[in-house]
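I opened my notebook to look up a few things in this structure. Here is what I wrote down, entry by entry.

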Amino acid sequence: MLKTNIKTGIFTSTIVLLSVLMMECKRLPEPVAPAIFVSHFAKSSSNERWRKIEGLIAQGEVPRACRKLKSQLNRKLTRKEHQHALLQLAFTHLLMEKPSAAKKQITRFLQHFPDTAKLDAWAKGHLYYNLALLKYQELYLLSAKKYAGLALHHLKAVYPEAHYYTGMAYCQMGMILYDINPQYYGLNDYTRKANDFFQAHPELWHLNWESLLSKAQYEALNSRNLESRHLVETAMLLSENQSFQLPVFRARCLAMQAFLLKKEGEVSQDSSHYYRALYLQKKALRLLKPSKSLRKQELWRDMATLSAKFKGSEEDKLFNYSIKKLKKHIKQAGRDVFGFPVRLEAFRAYNVEKNPEKTIALFRSYMSAARNDEVQQRHFSEAFFCIRSSYVKLQDYKKAIDTSKEMLQTAGEADPKAIWEPKLGIKVANNQGPWMQTFQTGIAYLNWSKALGKDTLDWEKLTKAIEFFELSDERFLSSLLYTNEDNLVQYQTRVSEFYSHALDAVYLAHQLKPSEKWIDLSIRFADRYKSYLLFKDLNLSLVDEELSTIYNAVKNELDTYYLREKNKQVLSTKELIKVQRLEAKRFVIFNKLRQLSINSVKQEIPTSNAIRKALGPFRQLIHYAIADSFVYSIYVGPKGVQLKRMPDPDLQRKITSIYNFIIQEEWVNENEKLSYLQHAPSLYNTLIKPHENYFVEDNTTLIVPDRILHHLPFDVLLTAKIEPKQPISFKKLPYLVWKMPVLYTPSLKLWIGKNKNRDPLLESVHKEVWEDISFKSDNVEALVKAIGPKVTHIKGDSCTADNFIKNLDGMSGLIHLIVHANSSDSNRLDNYFRFKEKNGSKRVYGYQLNGSDLSKVNLLFLAACKSSFGQTSGEGVYSLSRYALEAGVNKVIGSQWQARSKTTQCLAQDFYKVYKNDNNVERALWRAKLNYLKSMPDSMCAPFYWSALMPMQ
């Protein structure tokens, strides 16, 4: 019944997450004096004894209140008192899960007071509230919703908003709406107002056990299993502390625990989870054995769903037995509430039997029977999806497409920005369903276009597929807005599938009819896919430092309460209220962080023509996208544009193997050398060779990597296959570095933005060298001399973290930084420079650079270990170098690993000798590397020594 204190219209998942966290921290509150409960009923009755009886109900002493009400009915009562006794007696029976007894009292009430129109607002409110509870327990959900609405209308006329009965009625409406459609729980005004009530009166929190179960079910649907488990356990704890039995409720809790075990089994592929889940289901059914509750249908349905996950004679037997029992209970009840056995049989035909014809027939039968059932319509999108997939398996692509169109028409969401208002009294913006169906339709058209054979494509159907992919891409952002952070990882699989197929379709179209239009579309799809990955990453790691600091402080404070709850310590009422406020504050901060992430995705994607203009005549670009088992590469340069696709399912293994080899100064294992000699030419053939004919000799090649490619220094690729010899001459290997200078950019949009308004001839007039003396760099004075005249050398006591931060906004020209650094590949907020100071060391974090204006810095040379290493997202590695680029620095040179300081110093000196003459960063570093390879002995020419430094823009 409890709902988060957040305004409606904000993201569904984060709202429910807030309420889950609120639940996690709570146990039974401190005992409260009965007088506080009685005060809730000051307006319920003018008679003190009635208020005391209602106080007993609020305290959970329901059987005692029931006995007192029965004794009151034996007395001589006024009309008002008679109404009160009958209605409250029905209410106590409903609380104790005795709908038949409650129905008798309601019938007695209607016999004594048949003219309901003459009842006052108080009597109408309580009558309709009892009817709503009764219909809910009998699982007439739409009727329950109608009566709950009428009850609220009349109760609000009698009681204030924060009164016990109005608060409980809001909660009841929320639960009813959950059972009608779980997807929209938490999106309505009812649960918000219920939450306001419980925040105002935490002493009544022990009454909301049923609402906790609803929340647990919702959390499980959103793959938040841990939160769901905590909620179920708390709900069971509350119910067990009541002075009366709740067998139906306990059975539902056991079924929920079984559902969570089933989900864990799906993830871990551990069959023991399923058997434990079956045990809990059987235990739940035993609890309901003497009961006539319609929840039995729900339990037998869940039992059938569980057994449908197994394949074998015993499992088939269990599934058929569950379906038989379900049909029996449906026949006894005279109606199908949760079951629809045909739907379960259809899912088994789809998942276990792999029978597409049977799947289609059963799902069509199910949808026909449930066409006018609002409760069952929530399953229609799954049914359409299974039908469409079955048609694809049968290679009947036309029917597959017609099925997708039918689903879109049924959902009533042709417009991606449309606001759908179901007949549930809830206003919902739901765009994920249409986005899914739209791109699935595109996939169906793409498969249909390939159906004629490998060498023959249906052009009309192929272009139709691309139209659907373009529409899906437009709907993508809208879908992101309504995807919670916990579902982003799950959602990623679907997005990966979409963009893999979209790039495939565009590539095939370009092969048939080459056009720059397809190049632009491939850039758009590749960039949006990376933007999605970045969006997920930004959401999960919280990049804005000022907000993140507050967020983490609030989170840490909350964690202390959660730890106490974990240790089963009771929180006081005052502490519970403080926890609620902290969680509300944390939610507001999270929303702001989320909006920053969304803004990063919305940036304009450049066309090939805009890229060509930004490149100029002396640079060329290769934009990579990894999709499925292919590497797509888009070349843009002076000789034109080109789109290529190369199969390489072992790409990750090859890059990892090369990276692990080149970052080691000493090699003990000869197999690593042989692996490098094998994989480096193979990667060259995949990544560079397809565009060789378009390359302009000596032009800078700008590389836009994707995911694992960010960890690959392209300089070390080998342009020819080398036969392994002993010993290997590293000096004579055909590295790519001999052919051309390479420049990297983490993001195409970031690079375009920098190059629009920047003067390419900007000179580094002002020059600074910051040297942390603990670094023990050799011959720094020679480096300062190589940089040129008028260099400010900051070292010793002046080179401190505080001084560096203080001078950030005023920095310009050229900055050379010699310090220790640390980079994390899992948490971007843990990337920092470390300055040695008198009292130890102090850190300057990467995000502190991001908060400064470094747009006047033409070059930042980071002579710091792993300064270009970090957490990989779709759009680049979030390294110290990346933070500097986002702060406005034009170009950065950073190190990919912990290279030797002597060789780094040597390369830096040669770099500055060239750079001060032509002011071109990537070419100067290229010349320095070539000079190093020519002048150094073979023992010092392994990639470890010279390839760690990478220029970025």
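**Entry: α35 and α36**

I looked at how α35 and α36 cross, and the crossing is right-handed. I am working from a predicted model. Helix α35 covers residues 901-918. Its axis and that of α36 come within 8 Å. They cross at roughly 125°. Angles of 65 to 115 degrees would count as roughly perpendicular, and those over 145 as roughly antiparallel. I therefore noted α35 and α36 as oblique to each other.

Next I listed who meets whom. From α35 I wrote down Thr903, Cys906, Leu907, Asp910, Phe911, Val914 and Tyr915. Across from them, in α36, I found Val921, Ala924, Leu925, Arg927, Ala928, Lys929, Asn931 and Tyr932. I sorted this contact of α35 with α36 by class: 10 residues are nonpolar, two are polar and three are charged.

**Entry: Phe911 and the cores**

I picked Phe911 for a closer look. Which residues does Phe911 contact, leaving aside its neighbours within four places in sequence? I found Leu859, Phe861, Ile893, Val921, Ala924, Leu925 and Ala928.

Then I turned to the largest nonpolar core, which has 106 residues. Phe911 is among the members that touch the most other members. The others in that group are Tyr676, Leu687, Ile688, Phe714, Phe833 and Tyr912. Which helix gives this core its largest share? I found that it is α36 (residues 921-935), with eight residues. Apart from this core I noted another one, of 101 residues. Its members include Leu119, Tyr147, Ala148 and Leu246. I added a general remark: in soluble globular proteins, nonpolar side chains tend to be buried together.

**Entry: α28 and α29**

I checked a second helix pair. Helix α28 spans residues 651-662, and helix α29 spans residues 670-687. I read an angle of about 130° between them, with the axes 9 Å apart. α28 and α29 are therefore oblique to each other. Left-handed or right-handed? I wrote down that α28 passes α29 in a left-handed crossing.

The contact involves these residues of α28: Leu651, Arg653, Lys654, Ile655, Ser657, Ile658, Phe661 and Ile662. On the α29 side I listed Glu672, Lys673, Ser675, Tyr676, His679, Ala680, Ser682 and Leu683. By class, I have eight nonpolar, four polar and four charged residues in the contact of α28 with α29. I had met Tyr676 before, in the group that touches the most other members of the largest nonpolar core.

**Entry: two buried loop residues**

I moved on to loops. His691 sits in the loop between α29 and β4 (700-704). Buried or exposed, I asked of His691? Its relative accessible area is 0%, so I noted it as buried. Leaving aside neighbours within four places in sequence, His691 contacts Ile622, Ser633, Tyr635, Gln642 and Lys644. I followed up on Gln642. In sequence, His691 and Gln642 are 49 residues apart. In space, they are 7.6 Å apart, C-alpha to C-alpha.

Glu138 was my next stop, in the loop between α7 (121-137) and α8 (141-158). Glu138 counts as buried because its relative accessibility is 16%, and the cut-off for buried is under 20%. Its contacts, again leaving aside neighbours within four places in sequence, are Lys103, Leu294 and Arg335.

**Entry: two exposed loop residues**

I found Pro290 in the loop between α14 (271-287) and α15 (295-307). Its relative accessibility is 73%, so I put Pro290 down as exposed. Pro290 and Pro247 are 43 residues apart in sequence. I read 9.9 Å between their C-alpha atoms.

Gln395 lies in the loop between α19 (380-393) and α20 (397-411). At 60% relative accessibility, Gln395 also counts as exposed. I noted its phi, which is positive and near 60°, in a residue other than glycine.

**Entry: another positive phi**

I looked up Glu97 as well. It has a positive phi of about 60° and is not a glycine. I located Glu97 in the loop between α5 (79-95) and α6 (99-112).

**Entry: the whole chain**

Last, I took stock of the chain. I noted 37 helices and 16 strands. The chain has 953 residues, and 59% of them count as buried. Among contacts between residues at least 6 apart in sequence, 73% join residues at least 24 apart.

Terms used: Residues are numbered from 1 along each chain as its sequence is written. This is a predicted model: local features need pLDDT of at least 70, side-chain atom pairs count only at pLDDT 80 or more; totals for chains, interfaces and linings use all residues. Side-chain values use heavy atoms; hydrogens and water are left out. Axes are lines fitted to C-alpha atoms, for helices over the stretch in contact, and angles run from 0 to 180 degrees between N-to-C directions. Helices (H or I, at least four residues) and strands (E, at least two) are DSSP runs, numbered from the N terminus. Angles under 35 degrees count as roughly parallel, over 145 as roughly antiparallel, 65 to 115 as roughly perpendicular and the rest as oblique. A crossing is left-handed if the near helix is turned anticlockwise from the far one by less than a right angle, and right-handed if clockwise. Contact means heavy atoms within 4.5 Å. Ala, Val, Leu, Ile, Met, Phe, Trp, Tyr, Cys and Pro count as nonpolar, Asp, Glu, Lys and Arg as charged, and the others, Gly among them, as polar. A nonpolar core is a set of buried Ala, Val, Leu, Ile, Met, Phe, Trp, Tyr and Cys residues joined through side-chain atoms within 4.5 Å. Buried means under 20% relative accessible area, exposed over 50%, partly exposed in between (1.4 Å probe, protein chains only).
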